[in-house]
Amino acid sequence: MDLAYLLSRHQNAMTLAGTAACVSSRAAHRAFAAIYADRISAYRQAHAMTVAA
């Protein structure tokens, strides 16, 4: 997976979490977002990328 895909999926999960109709759906989307955030971090570490301040 490339970084653009991971960032897109993370953003999508966060959007869905924000508009979810029930607590369990929000929690599930937030969990997916957290997984993508971990993958983004791992990708950046593996490719020696840093977050611009």
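## Contacts along the chain

Among contacts in the protein between residues at least 6 apart in sequence, 58% join residues at least 24 apart. The structure is a predicted model.

## Overall form

The protein contains 2 helices and 0 strands. Its C-alpha trace spans about 40 × 20 × 15 Å along the principal axes.

Of the 53 residues, 15% count as buried. The protein exposes about 3,900 Å², and carbon and sulfur atoms supply 59% of that area.

## How the two helices pack

Two packed helices are described by the angle between their axes and the distance between the axes. Here the helices are α1, residues 3–19, and α2, residues 23–46. Their axes come within 8 Å and cross at roughly 160 degrees. An angle over 145 degrees counts as roughly antiparallel, so α1 is roughly antiparallel to α2. The crossing of these two helices is left-handed.

Which residues of α1 and α2 make the contact? On the α1 side they are Leu3, Tyr5, Leu6, Leu7, Arg9, His10, Ala13, Met14, Leu16 and Ala17. On the α2 side they are Arg26, His29, Arg30, Phe32, Ala33, Tyr36, Ala37, Arg39, Ile40, Tyr43 and Arg44. Sorted by class, the contact of α1 with α2 has 14 nonpolar, 2 polar and 5 charged residues. The two histidines, His10 of α1 and His29 of α2, are among the contact residues, and histidine falls in the polar class.

## Two residues of helix α1

Ala4 has its place in helix α1. Is Ala4 buried or exposed? Its relative accessible area is 52%, and exposed means over 50%, so Ala4 is exposed. The C-alpha atoms of Ala4 and Thr19 are separated by 23 Å, and these residues are 15 apart along the chain.

Thr15 is also found in helix α1. Its relative accessibility is 46%. Buried means under 20% and exposed means over 50%, with partly exposed in between, and Thr15 therefore counts as partly exposed. Between the C-alpha atoms of Thr15 and Asp38 the separation is 18 Å, with their positions 23 residues apart along the chain counted as the distance apart.

## Summary

The predicted model has 2 helices, α1 and α2, whose axes cross at roughly 160 degrees. In α1, Ala4 is exposed, whereas Thr15 is partly exposed.

Conventions:
Residues are numbered from 1 along each chain as its sequence is written. This is a predicted model: local features need pLDDT of at least 70, side-chain atom pairs count only at pLDDT 80 or more; totals for chains, interfaces and linings use all residues. Side-chain values use heavy atoms; hydrogens and water are left out. Helices (H or I, at least four residues) and strands (E, at least two) are DSSP runs, numbered from the N terminus. Buried means under 20% relative accessible area, exposed over 50%, partly exposed in between (1.4 Å probe, protein chains only). Contact means heavy atoms within 4.5 Å. Accessible areas come from the Shrake-Rupley method with a 1.4 Å probe; for residues, only the protein chains shown count as cover. Axes are lines fitted to C-alpha atoms, for helices over the stretch in contact, and angles run from 0 to 180 degrees between N-to-C directions. Angles under 35 degrees count as roughly parallel, over 145 as roughly antiparallel, 65 to 115 as roughly perpendicular and the rest as oblique. A crossing is left-handed if the near helix is turned anticlockwise from the far one by less than a right angle, and right-handed if clockwise.
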